Amino acid sequence: MNTTMDPPAVGYRPFAAMSIVWLAAAYLAGQYVAVLPFGFVVVSVFIFAVPIAISGAYSSAINQTRMMSYYKTSGWFYKIFSRRIIRSTLWVIWALGSSFVMLLQFSTYSGLEWVTLALAIPVFWYVHKIFKRVFSSELKKRYVISSFAITWARLICPLILIFIYAILASMFAAGKSYTSLAEAVAVTRVNTPEVAGSAVVQVALFFVSFVDGTKAYLGSNLHQFGDHVPLFLIILGSYMVFFNASATFASFAIPRSEHRRIFGPISDDETPPTLT
């Protein structure tokens, strides 16, 4: 008989509301990142990085809690491994750096990419729901169930989104042929927004357009290796955005009380202690 209590859960409505607000903010940020001052870019990067960092910090906190159950609190192993500063710092670095690149990618997105990101909301929710149901029947601790469901959904959802994006791209994205790398880069830069705000963003967008142009050129000249090679190059660059979107949605799926595990001391109590 399974006596495990159902883990605390975030309802679909608040999850969907937060996710839609994020999607709308991503769209607006993509439209204005090239024309507003650098301070706007810094604030935007911070806003988009926070949920990504929270998602990773929560998983790190739960993993740390599970690891600490092996050691005595009076021992040296506990004192060494109970520190979460390294993992948390790595997640913060990833969140800040990748959020900046993601913001630049938003400015170049077409309707195809935005449709895929919109589909990511229900996809993540149902993938998370399936994993939560599976782990609820196998695991005891409620916080472990929540963490495992969020972690696996965060890993699997980007792969599903790549599959969806590949189908949409094969149906609606017309492949172009380029005779030279310079031509491909030039065509890509035509679709890049004009920069009127920040020199940093201008340089970054210049680099992004070069990378996208290089992928377009290679894709148009690799048909001899298979018809799907150009499509693979197109979707490969989208994985980071899909992963960050999934990590963001994962933070929205963390129950409110579980946020105390991120900022509070390590605790294996079913309900984490109140922050003081």
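Buried means under 20% relative accessible area and exposed means over 50%, with partly exposed in between. I'm jotting that down first, and also that I'm working from a predicted model.

**Arg87.** I looked up its accessibility: the value is 34%, so I file Arg87 as partly exposed. Arg87 sits in helix H4, which covers residues 85-107. Then I asked what Arg87 touches beyond its neighbours within four places in sequence. I got Ser60, Asn63, Gln64 and Met67. I also checked Arg87 against Ala57: they are 30 residues apart along the chain, and their C-alpha atoms are separated by 7.5 Å.

**His128.** Buried or exposed, I wondered? His128 comes out at 6% relative accessibility, so it goes down as buried. Its place is in helix H5, residues 111-136. With neighbours within four places in sequence set aside, I find His128 in contact with Ala149, Ile150, Ala153 and Ala253.

**Nonpolar core.** Next I pulled up the largest nonpolar core, and it has 59 residues. Phe15, Phe106, Leu117 and Phe249 have the most contacts inside it. Which elements give two or more residues to this core? My list reads helix H1 (12-32), helix H2 (38-68), H4, H5, helix H6 (142-172) and helix H10 (239-252). H6 gives the most, with 13 residues.

**Leu117.** I picked this one from the core residues with the most contacts. Not counting residues up to four places away in sequence, I see Leu117 touching Leu23, Phe106, Tyr109, Val241, Phe242 and Ala245. Phe106 turns up in that set, and I already had Phe106 noted among the core residues with the most contacts.

How values were computed:
Residues numbered from 1 in each chain as written. Predicted model: local features only at pLDDT ≥ 70, side-chain atom pairs only at ≥ 80, totals over all residues. Heavy atoms only, no water. Helix = DSSP H or I, 4+ residues; strand = E, 2+ residues; numbered from the N terminus. Buried < 20%, exposed > 50% of the residue type's maximum accessible area, 1.4 Å probe, protein only. Contact = heavy atoms within 4.5 Å. Core = buried A, V, L, I, M, F, W, Y, C linked by side-chain atoms within 4.5 Å.
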